[in-house]
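Let's take a walk through this protein together, from the overall layout down to a few local details. Have the structure open and follow along.

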Amino acid sequence: MNGLPLVVPQTAQTQRLFTAIALPSEHKKELRRWVEQDVNELSFRKWTDFRDYHVTLQFLGDVATKDIPELEQALFQAAAAHSPFTLGIGEPGTFGRDGFPRVLWRVVTGQKDCLNQLHQSIVQATEPLGFKPEERPYRPHITVARSYTGQEPVPASIFQSDDRIGKPWEVGEFVLYATRMGQKPMYQIIQTIPLSRRNP
C-alpha cells in the first residue's frame, strides 16, 4: 500500500444524478448563438455544450442504480402538486470574483416563485430517501462557462440589461439527468417527470 486514499470510481452500480429543467431546443440554439457571437473569445477553461443547457433543481450525487426507481417515484409524487409555469432567459451574470468569475451564467426570468416551489417540493420529497439539501440558497441559472483564465477582467459590455434570449416558454416537466463524464453532450435524460396538477 502506498498510503494514498482509496478512490472508488463511478460504476454501473451507481449513477451521478440531478434534477433539472431542460431548455427547449430553440432556446439552446439561441443561447449558443449568443456565446458564438458575443463571448466565445473570453478565456474560460470549460464551455458548456449547448445541448447540456439546463436549470438545475437539485443535485443528488452518486445514486445506487437499484435505488433509482424509488427516487423516480418520489419525484413523480412531487411533480403531481405542481402545474405548468413560464420561464425565460435574461441577462448574463457571474459567480466568483468581480471581473474574474469562476462561472458565467444567464439568469432565469418568469414565474420564479413557481420554480422555487418546485425546487422545495423536490428537496422535501427526496430528503426521506437520504438526499441532503444544499446549505446555500437556491439560485436558479443557466451555466454557460466555468473558470475564467484571462489576464484582463471580463468586459462589462457583456452584461447588457436588455439582452434576452428567445421568448418565454412553458415548463410542463422536469427531468432526471445522469452525468456521463467525458462525453458530449455530458448529461443524459433517464426520466421525464410531468407537472401533472390540474388547475380548477
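Start with one helix and look at its outward side: the face of helix 2 turned away from its buried side carries P69 and Q77, both exposed. Keep in mind that what you're looking at is a predicted model.

So what is helix 2 itself like? It covers residues 68-79, which makes 12 residues. From the first C-alpha to the last it reaches 16 Å, close to the 16 Å expected at 1.5 Å a residue. Its buried residues are I68, L71, E72, A74, L75, A78 and A79. Looking down the axis of helix 2, you'll find those buried residues within an arc of 160°, so they line one face of the helix. There's a general pattern behind this kind of arrangement: an α-helix has 3.6 residues a turn, so residues three or four places apart point the same way.

What covers that buried side of helix 2? Strands do part of the job, including strand 1 (14-22), strand 3 (54-64), strand 8 (173-179) and strand 9 (187-194). Helix 3 (112-126) is also among the elements covering the buried residues of helix 2.

Now zoom out. The protein has 3 helices and 9 strands, and from the N terminus on they run β-α-β-β-α-β-β-α-β-β-β-β. The radius of gyration is 18 Å, close to the 16 Å that the globule rule gives for 200 residues, so the protein is as compact as a globular protein of that length. If you box in the C-alpha atoms along the principal axes, you get roughly 65 × 45 × 30 Å.

How do the residues share out between inside and outside? Buried ones make up 41% of the 200 residues. The protein exposes about 11,800 Å², and carbon and sulfur atoms supply 48% of that area. Contacts reach across the chain, too: among those with a separation of 6 or more, 78% join residues 24 or more positions apart.

Finally, two backbone details are worth a stop. As a general backdrop, most residues other than glycine have a negative phi, and most peptide bonds are trans. Go to the loop between strand 8 and strand 9, where P185 sits. The peptide bond leading from K184 to P185 is cis, with omega near -5°. Then find S147 in strand 6 (residues 141-148). S147 is not a glycine, yet its phi is positive, at about 65°. S147 is partly exposed, with a relative accessible area of 28%.

Terms used. Residues are numbered from 1 along each chain as its sequence is written. This is a predicted model: local features need pLDDT of at least 70, side-chain atom pairs count only at pLDDT 80 or more; totals for chains, interfaces and linings use all residues. Side-chain values use heavy atoms; hydrogens and water are left out. Helices (H or I, at least four residues) and strands (E, at least two) are DSSP runs, numbered from the N terminus. The expected span of a helix is 1.5 Å times one less than its number of residues. Buried means under 20% relative accessible area, exposed over 50%, partly exposed in between (1.4 Å probe, protein chains only). The arc is that of the directions from the helix axis to the C-beta atoms. Contact means heavy atoms within 4.5 Å. The radius of gyration is taken over C-alpha atoms; the globule rule is 2.2 Å times the number of residues to the power 0.38. Accessible areas come from the Shrake-Rupley method with a 1.4 Å probe; for residues, only the protein chains shown count as cover.
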